Amino acid sequence: MARRAHLLLVVQLLCLAAAVTASFGSSGFRADLNHPYAGSPLSAHEVVRRSARASRARLDATLARHLGDPSAADVPLAPLTDQGYTVTVGIGTPPQPQSLVIDTGSNPIWTQCTLFHGTAAQRKPPYDPVKSSSFAFLPCSSWMCKKGEPGTTTCANKTRRCIFGYSYGSAAADGVLASETFTLGARRKVRVRMTFGCANLTGGSIIGASGIMGLGPGSMSLVSQLNISRFSYCLTPFADRKTSRLFLGAMADMERHSRIGEIQTTTILKNPNPQLGSLYYYVPMVGLSLGRRRLAVPATTLEMKQDGSGGTVLDCGSTTMHLAEPAFKELKDAVLNVLKLPVANTTVEDYELCFSLPRGMPMGAVDIPPLVLHFDGGANMTLPRSNFFQEPRAGLMCLAVVSSRFSMSIVGNVQQQEFHVLFDLHKRKFSFAPTRCDVM
């Protein structure tokens, strides 16, 4: 009888998965995104400072973990969601609302849950699997436990349940791997079966969010589990605290949404290193310009090496842009040449170049040419001042670009703000267009 019930459950789940795939293929869905500081009393300056600090800690620790750098232990803790955007999903039957930070630089989906004591504070009540009729522990024999994200799962010998753990460097989530029904979408609700971590956060904080929704290319991410061929998002400046947009499936179509500039497209590259290739989306950035001046950055500085090191990735979970050292030096020298302001004497944490503003002058009044990111195939992402400079405190403007400890460069979410960006995973294309994200 138990065997028959088990087979019936498997058939039901397979039918649900087929229905979900068909649903996404025909229509897709959209979701609203918020920044964790929406509704917070913190000033815009404080939000900017915290985001920059978390961005540096995240990069150093994540790459150290994947590339085996022992200095990872020296990375300072920083709140996990200082630099992210959150989507509210329903988890369980009936749905329990949880706010998950979207992240193209990681794969696992997890939320804090009441199975564990000492969960970090969050705005919504933690997910309680006891209150859900659709929750199920995943056994050690499950495919996701055995073949999922490397280093993410282990087996509990006594219970034969799959143990989940994931480190972001600045924090870590630990718990069990489980299966549950997720309710997604802002206007049209879609119910899907997902593998996720029922966990708690150890170290750091999550600034009121519940967990993380990985959108990376690995097997445990949302896009991989739902077999979504494309997704897109449009991020408002998080200091403005306005709603951003996330589109998955057929709704990730740039032609159907208004924009204020042309659509440009480049390639999503494959990384030969399986660990890095399953973690990030790589794009072929080939150069930089400040205004009309092309910077003297050798192509070899930005290109991906044969062993998979180097290259340029897109990461909506980081804020500041990270450039390989030679490219950063060229940009820094160019900025110093065109910006006729005194360099700040004080050291500003997590920024490498800051300027003192005249008394009473906001950063918005400073004239500086745009930063242009050049991609293979002729695509050019033109960044206005607000996408590569930040004002961490009144009277101070800082370059939101830093040198990378590693040879890899990162285009963070500050650079992507007010662009509708689309990842076509089937065609391996990355497209972008300037957009008023708050009116989509």
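Here is a short tour of a predicted model, one selection at a time.

**Whole chain.** Start with everything shown. The chain has 440 residues, and 56% of them are buried. Its secondary structure adds up to eight helices and 27 strands. If you turn on the surface, you're looking at about 18000 Å² of accessible area, with 54% of that belonging to carbon and sulfur atoms. Now think about contacts between residues with a separation of 6 or more: 73% of these link residues 24 or more positions apart.

**Strand β4.** Next, select residues 109-112, which form β4, and show the side chains. Ile 109 and Thr 111 point one way, while Trp 110 and Gln 112 point the other way. Side chains in a regular strand alternate between the two faces of the sheet. Buried or exposed, these four? All are buried.

**The neighbours of β4.** Keep β4 on screen and add residues 211-214, strand β10. The two run antiparallel and are joined by three bridges. Pick Trp 110 and look across to β10: Ile 212 is its bridge partner there.

Then add residues 190-202, which make up β9. This pairing with β4 is parallel, again over three bridges. Here, click on Thr 111 and you'll find Cys 198 of β9 standing opposite.

**Tyr 168.** Last stop: select Tyr 168, in the loop between β7 (162-167) and β8 (172-184). Why does Tyr 168 count as buried? Because its relative accessibility is 4%, and the cut-off for buried is under 20%. Now add Ser 106 and draw a distance between the two C-alpha atoms: Tyr 168 and Ser 106 are 62 residues apart along the chain, yet those atoms are separated by 8.7 Å.

Notes
Residues numbered from 1 in each chain as written. Predicted model: local features only at pLDDT ≥ 70, side-chain atom pairs only at ≥ 80, totals over all residues. Heavy atoms only, no water. Buried < 20%, exposed > 50% of the residue type's maximum accessible area, 1.4 Å probe, protein only. Pairing = 2+ DSSP bridges. Contact = heavy atoms within 4.5 Å. Areas by Shrake-Rupley, 256 points an atom, 1.4 Å probe, with all protein chains shown as cover.
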